[in-house]
Amino acid sequence: MMRAALFFVALAAAALAACAGAPNTLDVSGYPSEMQAKYEIFETRCSRCHGLERPIQARVADGGWKAYVRRMARHPGAGIDAADQRAIAEFLEYHHRREAQR
Ligand code: HEC
């Protein structure tokens, strides 16, 4: 009985994830190692209050990520220091430019 219930919970979660259709993780294995390191910072810092799918899906104009990241860092308790903000903005600029060229 318990197992069946768990199975349905898992199924529902999977269906929900499929519906959302938004990835909350990125495969950066083909990125330069410097960008992979910045992705790690992005992943830890930007997933505390919401999923990564928000920044992954967001359409921000070229060069606009710096201001965006700064805005996020201003949320109470964000805990993203200046160096991390720079690294995250650089990663997001790189990633979105790369996506746009595909
Ligand atoms: C302290 C909590 C917190 C952290 C940490 C945080 N965010 Fe957010 N984020 C929010 C809240 C609250 C909203 C919704 C309200 C808003 O847009 O300000 C949001 C919304 C967003 C949105 C979506 C706006 C939209 O229109 O859907 C994006 C994109 C985003 N955040 C990116 C980031 C990035 C990039 C980082 C890491 C630098 C980050 N967030 C870290 C709290 C946070």
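A nonpolar core is a set of buried Ala, Val, Leu, Ile, Met, Phe, Trp, Tyr and Cys residues joined through C-beta atoms within 7 Å. I put that at the top of my notebook before looking for one here. I also noted that this is a predicted model.

**Entry: the overall layout**

I began with the helices and strands. The protein chain has five helices and zero strands, and along the sequence I read the pattern α-α-α-α-α. Then I looked up burial: 16% of the 102 residues count as buried. I also checked how far contacts reach along the protein chain. Among those between residues at least 6 apart in sequence, 67% join residues at least 24 apart.

**Entry: the core**

Which residues make up the largest nonpolar core? I found eleven: Val 28, Tyr 39, Phe 42, Cys 46, Trp 65, Val 69, Ala 87, Ile 88, Ala 89, Phe 91 and Leu 92. Three elements each give two or more residues to this core, namely α2 (33-45), α4 (65-73) and α5 (82-100). Of the elements, α5 gives the most, with five residues. I jotted a general reminder beside this: in soluble globular proteins, nonpolar side chains tend to be buried together.

I picked one core member for a closer look. Leaving out neighbours within four places in sequence, Ala 89 is in contact with Trp 65, Lys 66 and Val 69.

**Entry: α4 against α5**

Two packed helices are described by the angle between their axes and the distance between the axes. So what are the angle and the axis distance for α4 and α5? The angle is about 135°, and the axes are 9 Å apart. That makes α4 oblique to α5. I noted the crossing of these two helices as right-handed.

Next I listed who meets whom. From α4 come Trp 65, Lys 66, Val 69, Arg 70 and Ala 73, and they meet Gln 85, Ile 88, Ala 89, Leu 92 and Glu 93 of α5. Sorted by class, the residues of this contact are six nonpolar, one polar and three charged.

**Entry: α2 against α5**

I turned to the other packing on my list. Here α2 and α5 pack at about 110°, with their axes 8 Å apart. Is α2 roughly perpendicular or roughly parallel to α5? An angle of 65 to 115 degrees counts as roughly perpendicular, so α2 is roughly perpendicular to α5. The crossing of α2 and α5 is left-handed.

On the α2 side I wrote down Met 35, Lys 38, Tyr 39, Ile 41, Phe 42 and Arg 45. On the α5 side the contact uses Asp 84, Ala 87, Ile 88, Glu 90, Phe 91, Leu 92 and Tyr 94. By class, the contact of α2 with α5 has nine nonpolar, no polar and four charged residues.

**Entry: three single residues**

I started with Gln 36, which sits in helix α2. Is Gln 36 buried or partly exposed? I found 13 C-beta neighbours inside 10 Å, so Gln 36 counts as partly exposed. Not counting residues up to four places away in sequence, Gln 36 touches Val 28 and Tyr 31. I also looked up its distance to Phe 91: the two are 55 residues apart along the chain, and their C-alpha atoms are separated by 8.4 Å.

Then I went to Tyr 94, found in helix α5. Tyr 94 is partly exposed, because 18 other C-beta atoms lie within 10 Å. Tyr 94 and Gly 63 are 31 residues apart in sequence, and C-alpha to C-alpha they are 10.0 Å apart.

Last came Ala 61, in the loop between α3 (53-57) and α4. With 9 C-beta neighbours inside 10 Å, Ala 61 counts as exposed. How far apart are the C-alpha atoms of Ala 61 and Arg 97? They are separated by 9.7 Å, though the two residues are 36 apart along the chain.

Notes. Residues numbered from 1 in each chain as written. Predicted model: local features only at pLDDT ≥ 70, side-chain atom pairs only at ≥ 80, totals over all residues. Buried ≥ 20, exposed ≤ 12 C-beta atoms within 10 Å, placed from the backbone. Helix = DSSP H or I, 4+ residues; strand = E, 2+ residues; numbered from the N terminus. Contact = placed C-beta atoms within 7 Å. Axes fitted to C-alpha atoms, helices over the stretch in contact; angles between N-to-C directions. Parallel < 35°, antiparallel > 145°, perpendicular 65-115°, else oblique. Left-handed = near helix turned anticlockwise from the far one by under 90°. Nonpolar A, V, L, I, M, F, W, Y, C, P; charged D, E, K, R; others polar.
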